[in-house]
Every structure is written in C-alpha cells, then in structure tokens.
Amino acid sequence: MDNKIIIDSDQPLLDQLKLPQDLKKLNLSQCQTLCQEIRSLLIKSVSKTGGHLASNLGTVELTVAMHRVFQSPKDKFVWDVGHQCYTHKILTGRQDRIGTLRQENGISGFPKPEESPHDTFISGHSSTAISVATGIAEGMRMNGDLDHFAVAVVGDGALTGGLTYEGMNNAGKIGDNIIVILNDNNMSISRNVGALARYLSSMRGTEGYIRTKKAVENRLNHAAVIGPTVAKAIKNSKSIVREVLLQQATMFEDFGFVYLGPVDGHDLGALEEVLAAAKEYCKPVFVHVHTIKGKGYAPAEHNPGEYHGIPKFDIETGNPKVSGENSFSDVFGKELLRLAQRDSRICAVTAAMEHGTGLHYFSREFPDRYYDVGIAEQHAVTFSAALASAGKLPVFAVYSSFLQRSYDQLMHDVAIGGYHVVLGIDRAGAVGEDGETHHGMYDVSFLSSVPGAVIYAPACYDELRLCLWRALYRDHGLACVRYPRGSDHTIFDKSALNTEYTHISGRKTDILFVTYGRVYDLLYRAAQRARERDIHFDMLKLTRIFPLAESLVNIAKSYWKVIFLEEAYYYGGISQMFGDMLMQHEFHGTYKRIAPKEYLCQASVESQLESMHLSENAIFSLMCEIAERDKKDGKA
C-alpha cells in the first residue's frame with residue numbers, strides 16, 4: 001500500500017484527504033483516527049438534522065474497510081437498508097454536504113444514484129440488497145467485467161424478510177462475483193426476534209473461527225512440499241476447520257455461498273483481511289460481521305432502537321429536541337391497549353416496528369397476544385388472516401410504505417376468505433425528510449382495489465379512536481385505519497365527529513371543497529382566513545373514505561364547482577373515485593382534483609404539502625383566486 005501521503009497531525013484527517021482514493025494510503029492507526037473523526041461528524045450532523053444515527057455509528061469501520069479493499073464505483077456497493085450509508089457518503093466526496101442530510105435540496109438519507117456514481121442503487125426498504133447485487137453482478141459479467149464485485153451490505157434484521165432468501169437462492173445458483181456482508185448487530189429497528197435471531201446468536205459464539213482458519217492455512221503454507229496444495233484444497237472446499245469449530249455446515253453454505261466469519265466489525269485489520277480473502281474465491285461469498293449498533297456514542301449504544309431514526313437532539317444529554325407530546329402512533333397504541341383490556345380476542349402484530357407504531361404499550365401488558373414477526377410484512381398479513389380464521393381480532397400496525405409489500409396477501413389471504421383483519425396504517429401521506437421511499441402516498445390506491453375493504457382516514461385523535469373501534473366491532477373483512485406521522489394540532493370544530501362524513505355548509509355558495517385526513521384542518525384554517533375577507537365556501541370532510549357513501553352524490557350535485565384536495569397519489573385515489581361517481585350520476589358542474597402525481601424528495605412535511613398545493617397557504621391562495629375570478633365574471 002502506498003503511504004506517500006503527508007499528514008499534518010494538528011489538523012483533522014478528514015480535512016486533509018482526497019476521498020475515497022487517499023484511504024488506501026493510510027496506515028491502520030491513521031484509519032482508526034479517521035473512524036473516530038467520522039463518528040464525531042455523524043453525531044454532530046445528525047444532532048442538527050435528525051436521521052438514522054445508531055445504524056451508521058455501527059458501520060464506520062466496516063465502510064472504511066470496504067473502501068480500502070474494494071474500488072468504488074467500479075466495485076458496486078449496495079446497502080440494505082440504505083439508511084446505514086452515511087459514512088459511505090462522507091467517504092465519497094460528500095463530507096462538505098453532510099450537514100444538509102435529509103434536508104430540502106440537500107443529500108438524501110439513502111443511496112441515490114443521481115447524487116453520486118458511488119451510490120449504485122436506491123434502497124429505502126429492507127431485504128432487497130442481495131437481489132439487487134445479484135442482478136448487478138450478472139450484468140457486470142455479461143458486460144465482460146470479471147474483475148470487480150457487487151458487494152451487498154445486509155443488516156441481520158433483513159434476514160427476516162423473505163426476499164433475502166429469494167436473492168440468496170438465485171445468487172448461489174448463478175455464481176457471479178457477489179459478496180454479501182452481513183452486518184449483524186442483533187437489531188433491526190426493534191430487537192430481532194424469531195428463529196433466525198437465535199441461529200445468528202449461536203454463531204456469534206464462534207468469533208475465533210476466521211482467525212483459527214487463517215492460522216491453519218498459514219501453517220500449511222509453510223509446511224514442506226504439500227503445504228500450499230493442502231491450503232488451496234481447504235480454501236476451495238467446505239472447510240475442515242469449520243467442521244471442528246461449528247460441527248455443521250452453515251445455512252449460507254447450503255445456499256451456495258462460501259461462509260467467512262463471524263468477524264469483529266470494529267477491528268479494521270480483521271475486516272480488511274476477511275474482505276480481501278473474500279475476493280479470492282470464484283463464487284458467492286458470505287461475510288459475517290458482528291457490530292455494535294450505536295458504537296461510540298453511549299446514549300445510542302444503550303438505546304439503539306430509540307436512536308435508529310431520531311429527530312434533532314442534544315449531544316450532551318442525548319435528549320431529542322422535541323416535546324414529549326403524544327403522536328398519532330401513541331394514541332393508536334394506547335387505544336388498542338384499552339380495547340384489548342376488555343376484549344381478549346384482540347391481538348397486535350408488528351413487523352419489527354414495536355415503538356414506531358406505538359405497540360410497545362400493548363406488548364408490555366399482553367406479551368402473549370403480541371407478535372413481532374420481524375421485517376416480514378407479507379407474513380404479518382397472512383398470519384393475521386389465520387388468527388382471524390381462529391376467531392381472534394388481529395390488528396396489524398404497519399407503516400404505509402411498508403404495507404406496499406403485502407398487496408398479494410391482502411388480496412388473496414384476507415379478502416377472498418373474508419377474514420376480519422384490521423390494519424393500523426401509520427405514516428399515511430407525506431413523511432418529510434425520509435423522502436421518496438417512505439411516503440405513505442399509495443396505500444389508498446391499492447387498498448381500494450381490494451374487494452370488501454373499508455378505509456378510514458381520521459383527522460384527529462378522537463376520530464382515530466372512533467375509527468379504530470368501528471373497524472374492530474362494526475366492520476367485516478379488511479378494515480383499514482390510516483393516520484399521519486406526528487401530532488394532532490388541529491383546530492377544526494369537533495362537536496360532530498363521526499366515522500362517515502361531515503358536511504359544513506354556511507353562507508350560500510356554489511363551491512364545495514372536499515378532503516379527508518389532516519388536510520381537512522388545513523382547509524378549515526384556510527376557510528377561516530377566507531371568511532375574514534368575506535369569501536365563503538362549503539366543506540365536505542370524509543372520514544370513511546372507501547367505499548364512498550352514495551349520499552355524497554346528492555350533496556355534491558347541489559354545487560356548480562367541486563374541488564377535491566387529496567394527500568395521496570393522484571391516480572387511483574379517492575378523488576378519482578369521487579369524480580367517477582359524480583360523472584355516473586350526471587353531475588353537470590366543474591370538478592377539480594388536487595393531488596400529487598410525482599415522487600416527493602426529502603424536505604419538511606410543511607414544504608412537501610406546499611409543493612402539492614395542499615398547505616394552508618396554498619389552499620387560501622386558491623380560495624382568493626377563485627373569489628377574484630368569480631368577481632370578474634359577475635358571480636360574486
């Protein structure tokens with residue numbers, strides 16, 4: 001390794017290096033110093049922007065070792081899940097922009113190919129990396145590139161997702177230059193659960209395997225005459241050493257991989273050694289790396305789940321810079337617990353999101369009715385359907401964007417059999433800084449295509465409680481309650497809350513605004529401002545958004561202009577169905593839909609609502625524009 005780099009010991013290494021190429025010029029001690037600087041930068045940056053801290057602190061040494069052993073972007077790095085790529089971004093020319101992480105017009109919190117050639121593939125959801133790396137490796141082979149590798153970094157939580165095994169099965173069969181690095185920190189978002197977690201735990205007791213195997217090979221290489229031949233034979237066959245130490249072939253070898261590990265994921269020397277060894281094999285290699293989530297920052301090490309995704313926080317105390325107020329997730333979790341205290345049939349299901357979905361309240365009191373199935377949303381839906389078939393009342397709490405994986409199970413395993421499954425759909429609508437991969441914009445479109453489904457969109461906490469009760473005890477089949485990320489700061493009149501709809505009609509007007517969910521409060525605020533200018537509109541607030549009540553047609557037909565505001569995908573949304581219903585009933589007025597048609601980049605929720613023309617200011621401006629136009633047309 002070329003060490004002709006001059007380092008000023010009085011200056012931070014990060015400020016002196018041309019990255020990633022200068023990494024290969026550093027000695028091991030300098031690399032360890034660099035890792036300390038990266039950790040400090042991560043803590044400082046995420047404390048100001050929020051983000052995924054614990055997972056990134058745990059992969060600093062691993063990322064440095066990867067960039068020293070491989071040659072990005074010729075070697076292709078695929079991150080699963082992509083939120084552990086912050087160090088990779090620092091090492092690939094984006095150190096000066098790390099302060100813009102997850103901010104509008106800043107760098108993404110996930111790999112983004114349009115941002116850098118070092119970001120091979122966007123990855124915001126779990127368990128995809130092996131499939132991606134397999135396809136990339138095969139493409140490289142077909143292009144004649146036999147010298148470089150597709151390297152997938154996979155969290156141990158991702159092993160609970162079935163797509164991981166589909167990818168492994170194909171990778172082992174194809175046999176291209178693919179290296180899978182298992183970042184095993186005994187965590188997904190909530191702590192890992194199930195048989196796979198126990199399997200990996202048993203393997204963590206064999207830390208000495210790789211060093212023992214290397215020592216045996218070195219001894220054989222120096223033996224007279226037959227040494228190198230024997231060493232090669234051991235390397236290219238199932239390891240004799242492994243049979244002694246583990247006394248079993250690993251699951252990964254059964255998939256067609258060479259297995260190396262476990263290795264201490266914070267030992268740079270060991271990491272570089274095992275990754276260099278992985279490059280020598282002519283078949284897929286699985287490298288098992290054991291890391292500590294939150295490494296180097298005590299609050300994150302002690303509570304890695306809380307620091308998985310965290311808002312801005314105080315570095316000294318570790319406390320988030322937000323109030324301790326309730327959120328929709330908390331209210332949902334507490335209300336489900338209250339109902340479960342009275343009804344032993346209620347079961348709660350999550351896919352590795354115990355705290356994120358508010359189910360930690362339920363899990364503490366009713367552990368025998370609480371099921372964390374790991375990152376396995378498809379299984380969660382089918383499992384819930386089976387619970388329902390046995391007379392239980394299963395409630396699957398899941399982020400909207402993660403529910404997308406379960407469409408087939410909703411259609412086939414829930415709807416056809418008519419099983420009563422309740423979905424608590426968290427993070428519905430725009431979610432802010434996580435960007436394109438995490439917005440809950442699409443659940444309305446695909447859930448409304450499931451025969452027999454019922455969908456509620458409560459706009460406040462009290463309405464959420466009403467809808468959950470209704471979904472459990474008055475509906476049949478698939479019943480969905482969708483609610484946004486964050487807290488309830490609504491000011492609209494709550495004197496007539498219900499689970500159907502509310503028509504607000506005041507001074508005579510020919511224009512009706514229709515919406516649902518949190519956008520209703522924005523509409524309400526805009527209408528208040530408009531009234532101060534003597535501009536008046538009627539409003540229709542939907543709570544059960546699907547199926548639409550037939551009586552809504554008669555309300556809408558009494559207006560000459562209907563405007564539907566929707567924080568969900570334009571195509572296949574409720575506003576489209578509402579328009580179809582009006583057309584079928586010969587509505588002769590004008591119908592306008594305002595809803596997003598494109599992916600939303602990372603930004604604050606407020607900014608995203610503005611970009612969709614759904615913010616209070618945007619709605620108020622539209623109201624003023626309509627009033628001004630009507631005045632000119634003599635309709636005022």
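Student: How many helices and strands does the secondary structure of the chain come to?

Tutor: Keep in mind that we're looking at a predicted model. Both kinds of element turn up in this chain. The tally is 25 helices and 17 strands.

Student: What percentage of the residues of the chain count as buried?

Tutor: Buried here means under 20% relative accessible area. The chain has 636 residues to sort by that rule. The share that counts as buried is 58%.

Student: And how much accessible surface does the chain have?

Tutor: Carbon and sulfur atoms account for 50% of that surface. The total for the chain comes to about 26100 Å².

Student: Among contacts between residues at least 6 apart in sequence, what share join residues at least 24 apart?

Tutor: A contact means heavy atoms within 4.5 Å. Start with the pairs in the chain that sit at least 6 apart in sequence, then pick out those at least 24 apart. That share is 76%.

Student: Which residues have the most contacts inside the largest nonpolar core?

Tutor: That core has 57 residues. Its largest share, 8 residues, comes from helix α1, which covers residues 28–49. Another core, of 53 residues, lies apart from it, with A351, Y399, L582 and F587 among its members. Back in the largest core, the residues with the most contacts are M66 and I181.

Student: Which residues is I181 in contact with, leaving aside its neighbours within four places in sequence?

Tutor: I181 is one of the two residues named for the most contacts inside the largest core, and M66 is the other. M66 is also on the contact list of I181. The full list is L62, M66, V151, A152, V153, V154, L275, V287 and V289.

Student: Why does V78 count as buried?

Tutor: V78 is found in strand β1, residues 76–80. Not counting residues up to four places away in sequence, V78 touches T120, A129, V132, A133, I136, V151, A152 and V153. The cut-off for buried is under 20%. V78 counts as buried because its relative accessibility is 2%.

Student: What distance separates the C-alpha atoms of V78 and P111?

Tutor: Along the chain, V78 and P111 are 33 residues apart. In space, their C-alpha atoms are separated by 8.4 Å.

Student: How do the residues lining the second largest cavity divide into nonpolar, polar and charged?

Tutor: The model has 3 cavities of 30 Å³ or more, and the second largest has a volume of about 90 Å³. Its lining includes A428, P458, R482 and E567. The lining divides into 6 nonpolar, 2 polar and 3 charged.

Technical notes:
Residues numbered from 1 in each chain as written. Predicted model: local features only at pLDDT ≥ 70, side-chain atom pairs only at ≥ 80, totals over all residues. Heavy atoms only, no water. 1 Å grid on protein atoms, 1.4 Å probe; cavity = no way out; pocket = protein on both sides within 12 Å on 5 of 7 lines; lining within 4 Å. Points joined across faces, edges and corners; volume = space filled by probe spheres on them. Nonpolar A, V, L, I, M, F, W, Y, C, P; charged D, E, K, R; others polar. Helix = DSSP H or I, 4+ residues; strand = E, 2+ residues; numbered from the N terminus. Buried < 20%, exposed > 50% of the residue type's maximum accessible area, 1.4 Å probe, protein only. Areas by Shrake-Rupley, 256 points an atom, 1.4 Å probe, with all protein chains shown as cover. Core = buried A, V, L, I, M, F, W, Y, C linked by side-chain atoms within 4.5 Å.
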